[in-house]
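Here are my notes after going through the model you sent over. They are in numbered points, so you can follow along with the structure open.

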Amino acid sequence: MLSTGIKILRQELHDFGEEITTDSWQGEKNPPEFLEILNVSFSEKIPDTVEEITKQCKPFLPWAEEHFAERVSGFLLNPPPSHARWLKDTEKFMSQGKFSHSYPERMYVNLFLLVQLLKVDPYTRQAYLPIWDLGDGKLALTNNRVPCTLGWHFIIRNKQLHCFYPMRSCDAIRHFHNDIYFASRLTLWLIKETGLDIKPGYLTFNAVSFHCFSNDRYPLKRLIEC
């Protein structure tokens with residue numbers, strides 16, 4: 001179950017995480033100390049329904065549902081309207097009314113090319129939806145926010161659509177469950193849009209840096225216990 005994978009990785013962070021300091025976070029200098037574990041992963045079956053995905057992931061609603069619709073809308077939304085539900089001070093991450101990037105922007109065009117590729121060649125090994133961009137190195141050097149998600153790689157085998165999800169960085173408390181929700185929802189969305197006779201397969205998740213703030217140990221423990 002997705003909920004099992006989420007709980008296990010949070011437990012690993014709580015039990016084995018190391019305290020580190022970094023020079024910046026989300027474009028801000030001198031952030032608080034982090035609790036971090038490197039190179040975590042899990043592989044769990046993706047449920048067949050949105051309702052079950054929601055039950056297992058417990059995403060931040062209604063924002064997550066609204067933002068997923070923005071991601072697959074095919075519109076260049078920056079900022080996506082749902083950002084106002086996420087945090088009250090998101091404007092501090094903007095420049096001239098826009099974020100350094102948005103997921104609807106990054107998914108624009110490539111998502112619909114992916115649908116066509118899967119229709120034309122269902123057993124392709126090339127069904128990759130990139131989020132990280134060549135220009136993100138420059139954004140990082142200028143202390144701008146860059147995507148945590150590198151992309152999603154989809155592959156069909158045995159009439160199942162599997163999703164391989166690499167992340168460079170993942171916040172175990174604020175974003176992790178939402179990220180798993182979005183990847184699982186995207187898998188179901190692709191099945192519907194391609195019209196192929198397939199079922200959701202496994203979500204294989206990997207994060208190089210899995211972390212939270214050190215002073216978030218207590219809420220992390222509460223999430224593990226609930």
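1. Let's start with a side chain: over the face of which ring does Arg71 lie, with Tyr103 as one candidate to check? Tyr103 it is, with Arg71 sitting 4.1 Å from the ring centre. Arg71 also lies over the face of Phe182, again at 4.1 Å from the ring centre. Bear in mind that this is a predicted model.

2. Now the overall picture. The protein has nine helices and eight strands. Its radius of gyration is 17 Å, which agrees with the value near 17 Å for a compact globule of 226 residues. The C-alpha trace spans about 50 × 40 × 30 Å along the principal axes, and buried residues account for 45% of the 226. If you take contacts between residues at least 6 apart in sequence, 70% of them join residues at least 24 apart.

3. Helix H8 deserves a look of its own. This helix covers residues 176-194, 19 residues in total, and reaches 27 Å from first C-alpha to last, close to the 27 Å expected. H8 is largely enclosed by the rest of the structure, because 17 of its 19 residues are buried. Right after the helix comes Gly195, with a positive phi near 70°.

4. On to the aromatics. There are eleven aromatic pairs in the structure. One of them is Trp63 with Phe182, an edge-to-face pair at 5.5 Å centre to centre with 75° between the planes. That pair links distant parts of the chain, since Trp63 belongs to helix H3 (residues 63-71) and Phe182 to helix H8, 119 residues apart. Trp63 is buried at a relative accessible area of 9%, and Phe182 is buried as well, at 3%.

5. A second pair also involves H8. The ring centres of Phe112 and Trp189 are 5.9 Å apart with the planes at 80°, so this pair is edge-to-face. Phe112 is in helix H6 (residues 110-120) and Trp189 is in H8, so many positions away in the chain as 77 residues. What is the status of each partner, buried or partly exposed? Phe112 counts as partly exposed, with 34% relative accessibility, whereas Trp189 counts as buried, at 13%.6. Then there is the nonpolar core. The largest one has 52 residues, and Trp152, Leu186 and Phe205 touch the most other members. H8 supplies the largest share of this core, ten residues. As a general point, nonpolar side chains tend to be buried together in soluble globular proteins.

7. Trp152 is worth clicking on. Leaving out residues up to four places away in sequence, Trp152 touches a list of residues that includes Arg71, Tyr103, Met107, Ala183 and Leu186. Trp152 also belongs to an aromatic cluster with Phe42, Tyr165, Phe176, Phe205 and Phe210.

8. Last, Tyr128. Tyr128 lies in strand E5 (residues 128-130) and is partly exposed, with a relative accessible area of 36%. Beyond its neighbours within four places in sequence, Tyr128 is in contact with Leu114, Leu150, Gly151, Trp152 and His153. The C-alpha atoms of Tyr128 and Pro166 are separated by 11 Å, with their positions 38 residues apart along the chain.

Notes
Residues numbered from 1 in each chain as written. Heavy atoms only, no water. Helix = DSSP H or I, 4+ residues; strand = E, 2+ residues; numbered from the N terminus. Expected span 1.5 Å × (residues − 1). Buried < 20%, exposed > 50% of the residue type's maximum accessible area, 1.4 Å probe, protein only. Phe/Tyr/Trp six-rings, centres within 6.5 Å; stacked < 30°, edge-to-face > 60°. Lys NZ or Arg CZ within 6 Å of the ring centre and 35° of its normal. Core = buried A, V, L, I, M, F, W, Y, C linked by side-chain atoms within 4.5 Å. Contact = heavy atoms within 4.5 Å. Rg over C-alpha atoms; globule rule 2.2 N^0.38 Å.
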